[in-house]
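Please open the model in a viewer and keep the selection tool at hand. The stops below proceed from a pocket to charged pairs and then to side chains that reach backbone atoms.

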Amino acid sequence: MKQQTVPNQTQCLSANPRTGAARSRAVCPKTCCFALLCALYLCCADPVRAGDLHTLKELSIDELMQLEVSILGSTPKPVVETPAALFVITPSQIQRSGAQSIPELLRRVPGLAVARIDANKWAISARGFDNQLANKLLVMIDGRSVYTPLFSGTFWDVQDVMLEDVERIEVIRGPGAAVWGANAVNGVINIITKTSSETQGSLLSATLGNEQSRVAIRHGGTLGGQAHYRGYAKYRYQDDSQLAGGGDSADEWQEMRGGFRMDWRRNGDQLQLQGDAYRGNLGERLEVVHGGAPDFSELRNDSIDVSGGTAGRRA
């Protein structure tokens, strides 16, 4: 059988499953490159701040394969050398998503189960093990684990990071315990924030609505030319969710949060200081069972005061 040659195209042979006859079709190399370009744009981020598809189009195939991620170790590696099912949420995706919290952003990740239980509780996990007390998904902020020792899971209501400060979110779907430990059986989420040198000046962000409202303010500056800092304050209010039969479910929550970050670099050495503190109130509805003859139960509205903070140094 003769095969016709088409300039700048590759001839591929495929067999007809019914007749067994072979047929040829032309595949354009430009089409293959464009498909690879789209796949890399959807599945990985560019730490060198490519930012959008227009910038990625200007990169060669070799440059695209060298895009770096850092979730598998402290040293960034090219995505082609990353042996994991990896998905990255980029800054441009965060800005265009309209999300107001980290759990809302994680809805974009394929293969990650994200369910909202009520106004202040989330169930997030991977590989089908999804519940409020899920403890097989490791969550980190700038490489620091944020799970609670109470059940080795994550209270998502107190991980209210200022989204304007997020550089990217790296997500691994699948076993990561060999690198990160027991909590990474089903996956790893690493939230990477921007350095203080990238958040200079003042910023005011506000969101107002009939269900949720948010106000955040941030200011960054320099200290001596070699050190940069930023400080922020944030208030968030979430209204009650609605019951199927009508009425409120008494699960509103509000929280105030503040923190700082300082980065110092000199002669190749670097030092990072970071701290956060929060205080809030969470509403919930409890079922109280009364003993006796006969047994009966009733629903009561209650609230919980939450507070805490973190402080750390990284060199």
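A pocket, in the sense used here, is an open set of grid points where a 1.4 Å probe fits, with protein on both sides within 12 Å along at least five of seven lines. The model on display is a predicted one.

**The second largest pocket**

Begin by selecting I141, R144, Q159, R257 and T310, which lie nearest the centre of the second largest pocket. The space within this pocket amounts to about 420 Å³, and 27 residues line it. Next, colour the strands β9 (144-145), β14 (227-238), β15 (253-266), β16 (269-290) and β17 (296-314), each of which gives two or more residues to the lining. Which element supplies the largest share of that lining? Strand β16 does, with 4 residues. Coloured by class, the lining shows 11 nonpolar, 9 polar and 7 charged residues.

**Salt bridges**

The structure holds 9 salt bridges, and three of the pairs are visited here, beginning with R261 and D142. Select R261 in strand β15 and D142 in the loop between β8 (137-141) and β9; the two are 119 residues apart in the chain. Their closest N and O atoms are 3.6 Å apart. Are these two residues buried or exposed? Both R261 and D142 are buried. Add D263 to the selection, and a network of salt bridges that links D142, R261 and D263 comes into view.

Move now to E164 and R214, whose closest N and O atoms are 3.5 Å apart in a salt bridge. E164 is in the loop between β9 and β10 (166-173), whereas R214 belongs to strand β13 (residues 212-223), and 50 residues separate the partners along the chain. Their surroundings can be compared by accessibility: E164 is partly exposed, with a relative accessible area of 23%, while R214 is buried, at 6%. The cut-off for buried is under 20% relative accessible area, so R214, at 6%, is assigned to that class.

Select D165 next, together with R230; this pair also forms a salt bridge, with the closest N and O atoms 3.6 Å apart. D165 lies in the loop between β9 and β10 and R230 in strand β14, so the bridge ties together parts that are 65 residues apart in sequence. Both D165 and R230 are buried.

**A buried acid without a salt bridge**

Proceed to D240, in the loop between β14 and β15. D240 is buried, yet it has no salt bridge. How far away is the nearest side chain of opposite charge? That side chain belongs to R285 and is 8.1 Å away, whereas a salt bridge requires the nitrogen and the carboxyl oxygen to be within 4 Å. Display the backbone around D240 as well: the side chain of D240 reaches the backbone nitrogen of D251 at 3.0 Å and the backbone nitrogen of E252 at 2.8 Å.

**A glutamine in helix α4**

For the last stop, select Q93 in helix α4 (residues 91-97). Its relative accessibility is 5%, so Q93 counts as buried. Show T90 alongside: a polar atom of the Q93 side chain lies 3.0 Å from the backbone nitrogen of T90. D240 offers a parallel to Q93, as the side chain of D240 likewise reaches backbone nitrogen, at D251 and at E252.

Conventions
Residues numbered from 1 in each chain as written. Predicted model: local features only at pLDDT ≥ 70, side-chain atom pairs only at ≥ 80, totals over all residues. Heavy atoms only, no water. 1 Å grid on protein atoms, 1.4 Å probe; cavity = no way out; pocket = protein on both sides within 12 Å on 5 of 7 lines; lining within 4 Å. Points joined across faces, edges and corners; volume = space filled by probe spheres on them. Nonpolar A, V, L, I, M, F, W, Y, C, P; charged D, E, K, R; others polar. Buried < 20%, exposed > 50% of the residue type's maximum accessible area, 1.4 Å probe, protein only. Lys, Arg positive; Asp, Glu negative; His and termini not counted. Polar contact = N/O pair within 3.5 Å; in protein donor to acceptor, adjacent residues only side chain to side chain.
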